[in-house]
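Trainee: I am new to this structure. Please take me through one part closely, then show me how the rest fits around that part.

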Amino acid sequence: MRCAARQGWGMTSETRAHAAHQFIEALPHCRALSMRIEDIGEGAATLSMPWAEALVGDPRTGVIHGGAVSALMDTSGGAAVLCHPSEPVATATMDLRIDYMRAAKPHQRITARAVCHHVTRSVAFVRAEAFDEDGEGPVAVANGAFTFERRKGAGA
Amino acid sequence: MKRPEPIQVVKQRRDAALRALIEGVPYIQYLGIEFDRRGDELTGVLHFDEKLIGNPALPALHGGVTAAFLEVTAIVTLSWAMLWDDLESGQLDAETLTFETLPRLPKTIDFSVDYLRSGLPRDAYARARLNRSGRRYASVHVEGWQDNRARLFAQATGHFLMPALTDGGA
């Protein structure tokens with residue numbers, strides 16, 4: 001996903017949480033999947049999404065499609081990059097690999113926690129894990145590389 | 001020599017099987033994905049809709065939508081290849097075929113998406129190639145494009161666990 005912030009998300013937890021909330025509210029696909037911000041830290045974001053009939057990938061089991069989990073992981077990854085302390089102005093997913101460990105339990109909320117664990121002058125590296133409510137090990141884990149666009153004049 | 005079947009019979013059987021495969025999956029309907037069929041070759045078509053937008057400022061398709069579209073195309077192409085022989089030999093009866101009577105869908109083990117340019121707010125297409133399709137595992141490559149077939153906006157590779165055969169074999 002490609003996203004931009006007019007300015008950095010700020011350093012205090014209040015400004016970050018506010019910016020993150022506005023960010024997700026403005027994205028139509030995130031609204032369509034009823035995504036919600038659970039927690040925002042320095043270079044870390046936790047987002048969740050409820051189970052829904054429309055997202056089912058196999059009607060015999062009611063298990064949510066992997067693609068919907070990707071959307072949640074990708075969004076949390078982008079949010080984790082935007083709230084990195086070096087305050088990038090924009091980011092876009094370059095590459096995202098998801099490993100599906102097990103089926104998410106039907107009718108349970110899915111929560112993804114992403115951490116932007118390293119940034120270079122123009123690249124951000126992200127790790128993410130997704131859990132259902134049972135919490136017995138992740139449903140899926142992801143690794144991604146995102147573009148990292150710094151404000152003009154900001155030091156590397 | 002056996003006379004070839006009339007074309008309408010062949011088309012009807014193949015289209016009915018494809019419909020049974022697609023219509024059973026709510027998420028495919030939700031995203032608005034359809035499949036174009038030419039012989040055994042499938043092209044996924046993602047019909048543009050406002051709810052698929054990630055960034056409204058550009059605007060661009062949500063990266064998760066792109067990933068989902070490529071993953072759906074990979075799974076459907078893989079299932080279709082798995083069905084094809086039984087469908088053509090008449091072992092699967094297309095008349096009575098429903099999602100419930102079809103073999104289970106392959107399960108994604110991992111999926112890696114390479115985003116090449118942002119997805120524009122218009123229809124997108126995808127075609128999958130089976131790198132290898134074994135009894136238990138398969139490797140699939142998918143390419144996605146919009147206006148020009150040669151200008152991909154995303155591509156992906158994934159590994160899939162094949163469903164156990166209906167006779168109980170693993």
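Mentor: Start with Glu87(A). This residue is buried, because its relative accessible area is 16% and the cut-off for buried is under 20%. Keep in mind that the model is a predicted one. Glu87(A) sits in the loop between α3 and β6 (90-100) of chain A. Its backbone deserves a look too. Glu87(A) is not a glycine, yet its phi is positive, at about 45°.

Chain A has another residue of this kind. Ser34(A) also is not a glycine, and its phi is positive at about 55°. Find Ser34(A) in the loop between α2 (28-32) and β2 (36-41) of chain A. Its setting is partly exposed, with a relative accessible area of 40%.

Now go back to α3 of chain A, the helix on one side of the Glu87(A) loop. Helix α3(A) covers residues 66-82. Its partner across the chains is α3(B), residues 63-89. The two axes come within 8 Å of each other and cross at roughly 155°. The helices are therefore roughly antiparallel to each other, since an angle over 145 degrees counts that way. The crossing of α3(A) past α3(B) is right-handed.

Which residues of α3(A) and α3(B) meet? On the chain A side they are Gly66(A), Gly67(A), Ser70(A), Ala71(A) and Asp74(A). On the chain B side they are Gly63(B), Gly64(B), Ala67(B), Ala68(B) and Glu71(B). By class, this contact has three nonpolar, five polar and two charged residues.

Stay with α3(B). This helix also meets α1(B), which spans residues 7-23 of chain B. Here the axes come within 11 Å and cross at roughly 140°. That makes α1(B) oblique to α3(B). The crossing is right-handed. From α1(B), the contact uses Arg13(B), Arg14(B), Ala17(B), Leu18(B), Leu21(B) and Ile22(B). From α3(B), it uses Val76(B), Ser79(B), Trp80(B), Leu83(B), Trp84(B), Leu87(B) and Glu88(B). Nine residues of this contact are nonpolar, one is polar and three are charged.

Next, follow chain B beyond its α3. Thr101(B) is in the loop between α3 and β5 of chain B. This threonine is partly exposed, at 48% relative accessibility. Compare its place with that of Gly144(B). The two are 43 residues apart in sequence, and their C-alpha atoms are 30 Å apart in space.

Then come the strands of chain B. Aromatic pairs help to trace them. How many aromatic pairs does a search of the whole structure find? Over all chains, there are four. One of them joins Phe111(B) and Phe160(B). Their centres are 6.4 Å apart, and the planes make an angle of 65°, so the pair is edge-to-face, where over 60 degrees is the cut-off. Phe111(B) lies in strand β5 (residues 107-115) and Phe160(B) in strand β8 (residues 152-161) of chain B. The pair thus links distant parts of the chain, 49 residues apart. Are these two rings' residues buried or exposed? Phe111(B) is buried, at 2% relative accessibility. Phe160(B) is buried too, at 0%.

A further pair is Tyr125(B) with Trp145(B). This one is tilted, with 5.9 Å between centres and 40° between planes. Tyr125(B) lies in strand β6 (residues 124-133) and Trp145(B) in strand β7 of chain B, so the pair ties together parts 20 residues apart in sequence. Tyr125(B) counts as partly exposed, at 26% relative accessibility. Trp145(B) counts as buried, at 7%.

Strand β7, residues 137-145, also holds Ser139(B). This serine is buried, with a relative accessible area of 15%. Which residues does Ser139(B) touch, leaving aside neighbours within four places in sequence? Its contacts are Arg129(B), Leu130(B), Asn131(B), Arg132(B), Thr157(B), Gly158(B) and His159(B).

One last stop in chain B is a peptide bond. The bond from Leu58(B) to Pro59(B) is cis, with omega near -15°. Pro59(B) is in the loop between β3 (53-55) and β4 (60-61) of chain B.

Key:
Residues numbered from 1 in each chain as written. Chains lettered and ligands numbered in written order. Predicted model: local features only at pLDDT ≥ 70, side-chain atom pairs only at ≥ 80, totals over all residues. Heavy atoms only, no water. Helix = DSSP H or I, 4+ residues; strand = E, 2+ residues; numbered from the N terminus. Buried < 20%, exposed > 50% of the residue type's maximum accessible area, 1.4 Å probe, protein only. Contact = heavy atoms within 4.5 Å. Axes fitted to C-alpha atoms, helices over the stretch in contact; angles between N-to-C directions. Parallel < 35°, antiparallel > 145°, perpendicular 65-115°, else oblique. Left-handed = near helix turned anticlockwise from the far one by under 90°. Nonpolar A, V, L, I, M, F, W, Y, C, P; charged D, E, K, R; others polar. Phe/Tyr/Trp six-rings, centres within 6.5 Å; stacked < 30°, edge-to-face > 60°.
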